[in-house]
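Subject: Structure for you to look at

Hello,

Here is the structure I promised to pass on. Please open it before reading the notes below.

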Amino acid sequence: MAKIELRGLAHAYNTVDGTPNYALHPLDLTWEDGGTYALLGPSGCGKSTMLNIVSGLLTPSEGRVLINGVDMTSVGAVKRNIAQVFQFPVVYPSKTVFENLAFPLRCRNKPKADIDRRVNEVAGLLNLDGLLQKSARKLTPDLKQLISLGRGLVRDDVAVILMDEPLTVIDPQLKFSLRRKLRDISARHGHTLVYVTHDQNEAMTLAEQVVVMDHGRVVQMGSPQALFEEPVHRHVGYFIGSPAMNFLEGAVDRGTVSVFGRDVGTLRSAEGRSLSQVVVGIRPEFVTLADGPEAGTLPATITDVQDMGCFAIVSADLGNSTIVKLRTPDRVPAIGAPTYLVFERDKVRFYKDNWLVS
Ligand SMILES: Nc1ncnc2c1ncn2[C@@H]1O[C@H](COP(=O)(O)OP(=O)(O)OP(=O)(O)O)[C@@H](O)[C@H]1O
């Protein structure tokens, strides 16, 4: 297994007036040996470009890829000792399921006993054990994709396993259990796993560290908890969490932050600072409803209630159509009713030019 380092890495497929038109802006990242990482971001943000550079399918226009400290930037895909699983199934239709799974091991002349052991192990993990002698041609697309996954997992001597949205064609029920299995398998075998997805749930349940990307830039790499509690950029607050983080205009006077003239929090650093305009960020989970106009509450009007069964997502208008969303397990007043909002003070975050100030 391997540690992957991306140093000054960038890629432009073309130039505009002689300037690189970056699909991936210059970045530095380290993926530790045995870690599970998700690359998360909307379509076109550069996830596949980064993955294909790591696998060697694409040569970066700038920077270096180090695998276990060795510069592999100009080494081709075959020699990088990497397994890659793509979005859609890649199987050999004329071979059986067993032969498909065995293929990466046969190519490396592994002993028959090792091949039998590993194929049976991986087939068991992916519930393919009853199908090993079936022809791959006859299987449904999601079973074919399980074979692709199995081929990615069958070698235990790969440096890293790269997966590019591999569960897209898989049935939602099975998807749920497969995420867990992928995590368990990679943990058990100590694989370094890098997983591309645009689905925050997939990223958060599968990876120890999530790399959040936007417009070709890495905006934050962190644990699911860190991304939830300390989004360093507004994009992370918006992209992680459901509903997304609330962002409101505010002002800072000597370290105290106000929204609509009400004190809602204190800057954790740079005490005493005054900023005429900041953006206040608060997760819906950290907003509650109060009965009356106590200190630190914000008057609002309820504009929408979505009953989710064991909790409700409530929208409340602070005035001028400034909507705050909150999640609450409690009974909610009717739409149109006046209410008061309380922000959990130590969960309030402040942003300037989209980046976290405190
Ligand atoms: N071969 C190419 N030539 C020119 N531009 C490309 C090429 N491949 C990708 N791009 C552009 O580079 C940017 C990043 O694309 P990339 O496929 O890496 O994003 P992504 O996050 O993986 O998107 P998706 O989730 O849709 O696959 C996009 O603007 C895309 O149009």
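First, a question to start you off: is Tyr37 buried or exposed? Tyr37 is buried, because 24 other C-beta atoms lie within 10 Å, and the cut-off for buried is 20 or more. Keep in mind that this is a predicted model.

**Overall**

The protein chain has 358 residues, and 37% of them are buried. It contains eight helices and 21 strands. The C-alpha trace spans about 75 × 50 × 35 Å along its principal axes. Of the contacts with a separation of 6 or more, 64% are between residues 24 or more positions apart.

**Around Tyr37 and E8**

Tyr37 lies in strand E3. Set aside residues up to four places away in sequence, and Tyr37 touches Trp31, Leu193, Val194, Tyr195, Ala207, Gln209 and Val211. Its C-alpha is 8.5 Å from that of Val196, although the two are 159 residues apart in sequence.

Strand E3 covers residues 36-40 and is joined to E8 by five bridges. The two strands run parallel. Within this pairing, Ala38 stands opposite Tyr195 of E8.

E8 also pairs with strand E7, residues 160-164. Four bridges join E7 and E8, and these strands run parallel too. Here Asp164 stands opposite Val196 of E8.

How many of the five residues of E8 are buried? Five of five, so count strand E8 (residues 193-197) as mostly covered, by the cut-off of 20 or more C-beta atoms within 10 Å. In a regular strand, side chains alternate between the two faces of the sheet. Both faces of E8 are covered. Leu193, Tyr195 and Thr197 are buried on one side. Val194 and Val196 are buried on the other.

**The β-α-β unit and Arg183**

E7, helix H5 and E8 form a β-α-β unit. The unit is right-handed. H5 takes in residues 172-189.

Arg183 is found in H5. Is Arg183 buried, exposed or partly exposed? Arg183 is partly exposed, because 17 other C-beta atoms lie within 10 Å; buried would need 20 or more, and exposed 12 or fewer. Beyond its neighbours within four places in sequence, Arg183 is in contact with Thr36 and Leu206. The C-alpha atoms of Arg183 and Gly35 are 10.0 Å apart, with the two positions 148 residues apart along the chain.

**A helix pair**

Next, look at helix H2 (residues 97-107) and helix H4 (residues 141-153). They pack at an angle of about 30 degrees, and their axes are 7 Å apart. H2 and H4 are therefore roughly parallel to each other, as angles under 35 degrees count as such. Their crossing is right-handed. On the H2 side, the contact is made by Val97, Asn100, Leu101, Phe103 and Pro104. On the H4 side, it is made by Ile147, Gly150 and Arg151.

**The six-stranded sheet**

Now an open sheet of six strands, in the order E13-E12-E11-E14-E20-E21. Its pairing is antiparallel. Which strands stand at the edges? Strand E13 (262-266) and strand E21 (355-356) do. Each has a single partner strand, so one side of each has no neighbour in the sheet.

One pairing to check in this sheet is strand E11 (residues 246-253) with strand E12 (residues 256-259). Three bridges join them, and they run antiparallel. Ala251 stands opposite Ser258 in E12.

**The five-stranded sheet**

There is also an open sheet of five strands. The order is E15-E19-E16-E17-E18, with antiparallel pairing. Its edge strands are strand E15 (287-290) and strand E18 (323-328), and each pairs on one side only. From one strand to the next, the twist averages 45 degrees.

Inside this sheet, strand E16 (residues 297-307) and strand E17 (residues 312-317) are joined by six bridges. They run antiparallel. Asp307 has Ala312 of E17 as its bridge partner.

Best wishes

How values were computed:
Residues are numbered from 1 along each chain as its sequence is written. This is a predicted model: local features need pLDDT of at least 70, side-chain atom pairs count only at pLDDT 80 or more; totals for chains, interfaces and linings use all residues. Two strands pair if DSSP finds at least two bridges between them. A crossover is right-handed if, with the strands pointing away from the viewer, the path from the first strand over the helix to the second runs clockwise. Axes are lines fitted to C-alpha atoms, for helices over the stretch in contact, and angles run from 0 to 180 degrees between N-to-C directions. Angles under 35 degrees count as roughly parallel, over 145 as roughly antiparallel, 65 to 115 as roughly perpendicular and the rest as oblique. A crossing is left-handed if the near helix is turned anticlockwise from the far one by less than a right angle, and right-handed if clockwise. Two residues are in contact if their C-beta atoms, placed from the backbone, lie within 7 Å.
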